[in-house]
Amino acid sequence: MELDTLKNAWQKVEPATTMNNEQIKSMLQSSNNGALQRLLNWERIGIRLLIGCLFMFSVVFVLQIVLLSKNENSTSMLYIYVAYMVFALLSLPWQCYKVGFLKKIDVVNMSMVSLSKAIASYRRFIAYEMVIGLLFFSMFIPATLYYMLGTEEPIYVYVFFGVFFLGLLVGALLLYKHIYGSRIKQIRRNLKEAKEFGIE
């Protein structure tokens with residue numbers, strides 16, 4: 001039964017108020033738990049991706065050191081790979097922290113107020129993450145392109161790769177909105193429904 005239907009039943013049939021509230025609370029808890037589990041799964045996928053990136057950057061870093069002995073221009077790219085490795089290393093404990101934070105959220109035993117505060121904090125985490133990630137890649141992607149392509153390529157090559165990486169950034173933001181924004185919005189909508197029914 002949809003929540004709007006339950007609202008109408010709750011308003012019209014006063015003797016069934018307690019039962020309806022329990023049904024609604026159970027439905028909201030189930031919906032919140034499902035959204036949290038999906039967020040948790042994505043955060044765990046993020047940890048695996050970071051580990052994979054660290055391995056890849058380490059391999060490329062070693063190869064770049066080998067090339068450095070043959071090509072002095074490889075020094076600049078070496079610094080770029082170090083920057084990516086440091087970013088991934090710093091992101092890994094942050095990712096683990098978010099997993100631990102989500103695992104502490106208990107939708108069954110926490111009050112709606114406590115759950116609301118926890119979700120608000122997690123929403124801020126994601127916002128900070130998006131801003132920092134956007135700033136980092138906005139600085140280092142152009143630098144990567146510059147040192148990879150040099151200064152002798154035709155202008156359309158720079159335009160192509162610039163548009164390509166810009167598309168990747170936009171795609172990443174849209175993916176964040178789909179993965180995190182929709183789940184957080186779902187939980188906040190459930191919390192609003194709970195407030196309307198006086199569920200605490």
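These legends accompany close-up views of a predicted model.

**View 1. Surroundings of Gln-186 in helix H5.**
Gln-186 sits in helix H5, which covers residues 155-196. The residue has a relative accessible area of 15%, and because buried means under 20%, Gln-186 counts as buried. Its side chain makes a polar contact of 2.9 Å with the side chain of Ser-31. Apart from residues up to four places away in sequence, Gln-186 touches Ser-31, Ala-35 and Arg-38.

**View 2. Surroundings of Asn-32 in helix H2.**
Asn-32 belongs to helix H2. With a relative accessibility of 1%, Asn-32 is buried. When neighbours within four places in sequence are left aside, the contacts of Asn-32 are Val-107, Leu-115, Ile-187 and Asn-190.

**View 3. The largest nonpolar core, with Ile-105 and Tyr-122.**
The largest nonpolar core has 29 residues, and Ile-105 and Tyr-122 are the members that touch the most others. At least two residues of this core come from each of helix H2 (17-68), helix H3 (74-103), helix H4 (112-149) and H5. H2 supplies the largest share, nine residues. In soluble globular proteins, nonpolar side chains tend to be buried together.

**View 4. Contacts of Tyr-122, and a second core.**
Beyond its neighbours within four places in sequence, Tyr-122 is in contact with Leu-39, Glu-43, Lys-98, Phe-101, Leu-102, Tyr-180 and Ile-184. A second core, separate and made of ten residues, has Ile-80, Tyr-84, Phe-136 and Ile-141 among its members.

**View 5. The stacked aromatic pair of Phe-57 and Tyr-84.**
There are eleven aromatic pairs in the structure. One of them joins Phe-57 and Tyr-84, whose rings are stacked, with 5.5 Å from centre to centre and 15° between the planes. Phe-57 is in helix H2 and Tyr-84 in helix H3, so this pair ties together parts 27 residues apart in sequence. Both residues are buried: Phe-57 has a relative accessible area of 15%, and Tyr-84 has a relative accessibility of 10%. Ring pairs also link Phe-57 and Tyr-84 with Phe-87 and Phe-136 in a cluster.

**View 6. The edge-to-face pair of Phe-164 and Phe-165.**
The ring centres of Phe-164 and Phe-165 are 5.4 Å apart. The planes lie at 75°, and since planes over 60 degrees apart count as edge-to-face, the pair falls in that class. Phe-164 is partly exposed, at 43% relative accessibility. Phe-165 is also partly exposed, with a relative accessible area of 22%.

**View 7. The largest pocket and its lining.**
The largest pocket holds about 1,400 Å³ of space. Its lining has 36 residues, and those nearest the centre are Leu-50, Phe-87, Phe-137, Ala-172 and Tyr-176. H2, H3, H4 and H5 each contribute at least two residues to the lining. H4 gives the most, with eleven residues. Phe-87, one of the residues nearest the centre of the pocket, is also part of the ring cluster with Phe-57, Tyr-84 and Phe-136.

Key. Residues numbered from 1 in each chain as written. Predicted model: local features only at pLDDT ≥ 70, side-chain atom pairs only at ≥ 80, totals over all residues. Heavy atoms only, no water. Helix = DSSP H or I, 4+ residues; strand = E, 2+ residues; numbered from the N terminus. Buried < 20%, exposed > 50% of the residue type's maximum accessible area, 1.4 Å probe, protein only. Polar contact = N/O pair within 3.5 Å; in protein donor to acceptor, adjacent residues only side chain to side chain. Contact = heavy atoms within 4.5 Å. Core = buried A, V, L, I, M, F, W, Y, C linked by side-chain atoms within 4.5 Å. Phe/Tyr/Trp six-rings, centres within 6.5 Å; stacked < 30°, edge-to-face > 60°. 1 Å grid on protein atoms, 1.4 Å probe; cavity = no way out; pocket = protein on both sides within 12 Å on 5 of 7 lines; lining within 4 Å. Points joined across faces, edges and corners; volume = space filled by probe spheres on them.
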